[in-house]
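Hi,

Here is the structure I promised to pass on. Have a look at it first, and then read my notes below.

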Amino acid sequence: MTDPVFFVPSRHYTAGEVATLTGSTLANPAYSDTVIKTIASALEGGDHALVFVDGKRNEALMANLHAAAVLCPVELADKAPTGVAVLVNPRAQQAFAHIGRLMFPAAATPVPSTSERSVSPQAHVDPTAAIEPGAIVEAGAVVGPGVAIGSGTVIAPNAVIGASCRIGRNSYIGPNVAVQYALIGDRVIIHGGARIGQDGFGFVPGAKGPERMPQIGRVVIQDDVEVGSNTTVDRGAMADTIIGEGTKIDNLVQIAHNVRIGRGCVIAGQCGISGSVTLGDFVMLGGRVGIADHISVGDRVQVAASSGLMYDIPAGERWAGMPAQPMRDFFRELSAIRAFTKSSKGEKNG
């Protein structure tokens with residue numbers, strides 16, 4: 001059995017072309033015609049590979065590079081072995097990602113699982129659904145009444161799009177995704193197994209136990225958002241749950257009802273965001289961050305992994321810990337605990 005190759009480059013590039021496309025400077029123009037056939041990590045490389053090395057801390061990687069070309073900042077440009085084309089760029093990783101998307105477009109944006117190029121005869125599409133030409137609905141997908149799907153959007157196998165949902169153009173709804181009570185913009189990617197628009201966890205005390213509070217809001221996902229596999233986004237109770245333009249959400253994240261997430265946020269795996277939380281623009285949450293309900297987090301806040309937020313955070317701050325506190329206070333407290341522990345051990349040994 002042959003070893004399958006899942007991602008094939010769209011075409012080969014020369015080092016000169018990469019320099020032009022990424023705004024880089026070729027340190028030695030004699031290497032302009034060096035052929036690049038793939039991308040790789042600096043540790044692995046390859047005869048025709050483009051790699052990147054970013055930051056002084058990674059300088060040691062330069063000496064033993066095995067690659068056709070390397071993207072790096074100017075301070076590392078003279079560290080590369082002879083024969084490697086050096087492309088100088090102050091944002092080497094971003095330049096590497098840009099050329100990688102051009103070389104491997106199927107790895108950057110999900111593609112249909114089947115050979116369908118329109119609506120599969122094996123899909124169930126309600127007659128009242130409006131599907132623009134150029135949209136693809138794959139086998140096993142269900143599209144409910146009154147749904148609208150834009151051109152270039154792919155609805156993958158066994159995805160379910162509930163009644164009256166709206167999905168914009170050039171989006172991707174992955175296998176086994178369920179979308180209901182939702183408005184989804186252009187160029188949105190929702191990976192397999194995600195659940196969008198289910199009930200929020202809303203109950204009130206009753207004589208026989210918790211009684212359900214009707215959840216009559218929606219989910220609004222703006223343009224260029226990405227939602228990871230098996231992530232859940234609850235619809236609003238009365239208002240909408242909103243995910244702002246350009247936000248990227250990892251796998252296994254829980255976003256509760258009435259949450260409002262700003263533009264350009266990054267939310268890592270296993271985060272849990274409780275009801276009615278507000279995140280500003282460009283917030284970054286590390287993995288396993290938990291946020292209590294009704295918390296407000298300002299623009300450009302960064303929260304370290306495994307932190308627990310119980311208080312509002314002003315814009316621009318960095319917090320860590322359980323419960324979370326400003327980063328400087330967290331490390332000061334940690335240092336004090338370590339000093340106390342060492343002191344206690346010394347007294348015991350004495």
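Let me start inside the fold, at L279. Leaving aside residues up to four places away in sequence, L279 touches R260, I261, G262, I267, I273, L285, I291 and V297. One thing to keep in mind as you read on is that this is a predicted model.

L279 is also one of the residues with the most contacts inside the largest nonpolar core, along with I173, I190, I273 and L285. That core has 52 residues. The elements giving two or more residues to it are β18 (182-184) and β23 (219-221). There is a second, separate core too, with 17 residues, including L50, L87, A92 and F104.

Now for the overall picture. The protein chain holds five helices and 39 strands. Its C-alpha atoms fill a box of roughly 75 × 75 × 40 Å along the principal axes. Of the 350 residues, 43% are buried. The chain exposes about 18,000 Å², and carbon and sulfur atoms supply 55% of that area. If you take the contacts between residues at least 6 apart in sequence, 20% join residues at least 24 apart. As for charge, I get 28 positive and 31 negative side chains, with the centres of the two sets 4 Å apart.

Next, a sheet to trace on your screen. It is an open one of 11 strands with mixed pairing, and the order is β10-β13-β16-β19-β24-β27-β30-β33-β36-β38-β39. At the edges sit β10 (136-137) and β39 (324-326), each pairing on one side only. Further in, β33 (residues 284-285) and β36 (residues 302-303) run parallel and are joined by two bridges. There, M284 stands opposite Q302 of β36.

The same sheet order includes β30, and V266 has its place in that strand (residues 266-267). Is V266 buried or exposed? Neither label fits: with a relative accessible area of 38%, V266 is partly exposed, because that class covers values between 20% and 50%. Beyond residues up to four places away in sequence, V266 touches K248, V283, M284 and L285. V266 and R300 are 34 residues apart in sequence, yet their C-alpha atoms are 10 Å apart in space.

Strand β7 (residues 85-88) deserves a look as well. In a regular strand, side chains alternate between the two faces of the sheet. In β7 both faces are covered: A85 and L87 on one side are buried, and so are V86 and V88 on the other. Which strands are joined to β7 by bridges? Strand β2 (residues 25-26) runs antiparallel to β7 with two bridges, and T25 has V88 as its bridge partner. Strand β6 (residues 69-72) runs parallel to β7, joined by four bridges, and here L71 stands opposite L87. That L87 is among the residues of the second core.

Last, a contrast to those buried positions. P210 lies in strand β22 (residues 209-212). At 68% relative accessibility, P210 counts as exposed, because the cut-off for exposed is over 50%. P210 still touches F203 and V204, again not counting residues up to four places away in sequence.

Over to you!

Technical notes: Residues numbered from 1 in each chain as written. Predicted model: local features only at pLDDT ≥ 70, side-chain atom pairs only at ≥ 80, totals over all residues. Heavy atoms only, no water. Buried < 20%, exposed > 50% of the residue type's maximum accessible area, 1.4 Å probe, protein only. Contact = heavy atoms within 4.5 Å. Areas by Shrake-Rupley, 256 points an atom, 1.4 Å probe, with all protein chains shown as cover. Lys, Arg positive; Asp, Glu negative; His and termini not counted. Charge placed at Lys NZ, Arg CZ, Asp CG, Glu CD. Pairing = 2+ DSSP bridges. Core = buried A, V, L, I, M, F, W, Y, C linked by side-chain atoms within 4.5 Å.
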